[in-house]
Amino acid sequence: MVIVGAGFGGLQAARSLRRAPVEVLVIDRQNHHLFQPLLYQVATAGLSPADIAVPIRRLLRGQENAEVLMAEVREVDAQQSIVRHSMGEVRYDYLVLATGVRHAYFGNDAWEADAPGLKTLDDAVAIRRKVLVAFERAEASTDPSERAGWLTFVIVGGGATGVELAGSLAELSRRALSWDFRRIDPAAARIVLIEAGDRVMASFDPKLSRFTLEALESLGVETRLGAKVIDVHPDGVETTEGRIEARTVIWAAGVQATRATGWLDAPRDRAGRIRVLPDCRVPRQENLFAIGDAMTLGGSEGEPLPGVAQVAMQQGKFVAGVIAREVRGQRPAEAFRYKDKGNMATIGRRLAIAELGSLRLKGALAWLIWVFVHIWYLIDFQNRVLVFLKWIWAYATFHRGARLITGVDAERGPNLSNPQDEGSSRRSNSN
């Protein structure tokens, strides 16, 4: 069988089949499994990329019936049961699509160049570079209006990603960077959160939404509720409430399924997710399943299941059980049942919200629960230890150690002081 995607759902499906009489092939275009809930920490220099990612081969090396292929899947031929990818093709008896989501710009894909989203490690590193370069450009600028543009950060979307980014950026500018510059005051940075709806964190209880709004404001974040983005430019955004001059815009307003779901002749929702049957099968395809963000399925109360990691993980385990029972000739389970273990989000230092069953928590207690839950679910023991120690250090000192500007600067090209440096670098590399 073939699993496309090694995110939370795909990896859980593969691991749950370790004792099943099947051969498992996991295909992913990246070589690592990513703990996406902490991507914003990489984007705001709180953690390094390796702290939240683990090579897939390392995670599955002890599973004898599992293989890993780093390749980009380009087509699924459901009629012939073939997956075609960048390295060739493979036939399958069962296929599990766990391909996740990508950014949604609601028909304005050209905005992505100036308002990047946050879904991959590359996204996080690019945003980190963009944020840190903005402070460097502000320090070098002598024009007050230009400096103000560099020190203005706009985040579009008031869901968990947008709120966590806004809170973390506020703490980065007001704490971690506060003593590092001579000509600017990083604490004067303007952070604006734009939300088209009437409240932030709309999926949470209204009281927790109000607490989140107040917490953001206490951190110095400006919130624009009921404002819609009309256009995005390299130097700002146009909204229904006016223009905001900003050199850094981050998109956290929506997601849609990857193009992989379009390869199948199956019903999809407006976000491109496959409308699966109760057992997560793709309609009219007995040997094909879609899980996690690649699918949509109603919960016990008829509402679509949320696009969170715990849904994907539970579906991965469920589908693995369905396949294992079928190959053994046993009767499979009839329908997937989602068990909601709660929902939580962090806003800043000692500031978080949590819904755990009937409990509604906020503030320091919710933040402590958030910390330990996220450390627990980090998939590798080494990562748990490293993240825990870094968070303790950051809490005690307000220091963020991942503030490196690497790669190509979009404003100036490669970071070379002069052509002679480039030539000497090439000569030294050739020796």
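**Notebook: a parallel sheet and a nonpolar patch**

I began with a single pair of residues and noted that isoleucine 3 stands opposite valine 26 in β2. The model I am reading is a predicted one, and I treat each entry below as a value computed from it.

I then looked up the strands around this pair, and found that β1, residues 2–4, and β2, residues 24–28, pair in the parallel sense over three bridges.

Next I asked myself in what order the strands of the open sheet run. Following the pairing across, I read five strands in the order β5-β2-β1-β9-β20, with parallel pairing. I noted that β5 (66–70) and β20 (288–290) stand at the edges, and because each has a single partner strand, one side of each is left without a neighbour in the sheet. For the twist, I recorded that neighbouring strands of this sheet are turned by 20 degrees against each other on average, with direction ignored.

I turned from the sheet to the surface, where I looked up a nonpolar patch of about 520 Å², made by Leu368, Phe372, Val385, Phe388, Leu389 and Ile392. Which elements give two or more residues to this patch? I found that they are α9, spanning 364–377, and α10, spanning 381–397. The largest share, four residues, comes from α10.

Last, I picked one member of the patch, valine 385, which lies in helix α10. Its relative accessible area is 34%, so I entered valine 385 as partly exposed, and this value fits its place in the patch because patch residues need over 30% relative accessible area.

Notes:
Residues are numbered from 1 along each chain as its sequence is written. This is a predicted model: local features need pLDDT of at least 70, side-chain atom pairs count only at pLDDT 80 or more; totals for chains, interfaces and linings use all residues. Side-chain values use heavy atoms; hydrogens and water are left out. Patches are made of residues with over 30% relative accessible area and no salt bridge: like charges are joined within 9 Å, nonpolar side chains (Val, Leu, Ile, Met, Phe, Trp, Tyr) within 5 Å. Accessible areas come from the Shrake-Rupley method with a 1.4 Å probe; for residues, only the protein chains shown count as cover. A salt bridge is a side-chain nitrogen of Lys or Arg within 4 Å of a carboxyl oxygen of Asp or Glu. Buried means under 20% relative accessible area, exposed over 50%, partly exposed in between (1.4 Å probe, protein chains only). Two strands pair if DSSP finds at least two bridges between them. Axes are lines fitted to C-alpha atoms, for helices over the stretch in contact, and angles run from 0 to 180 degrees between N-to-C directions.
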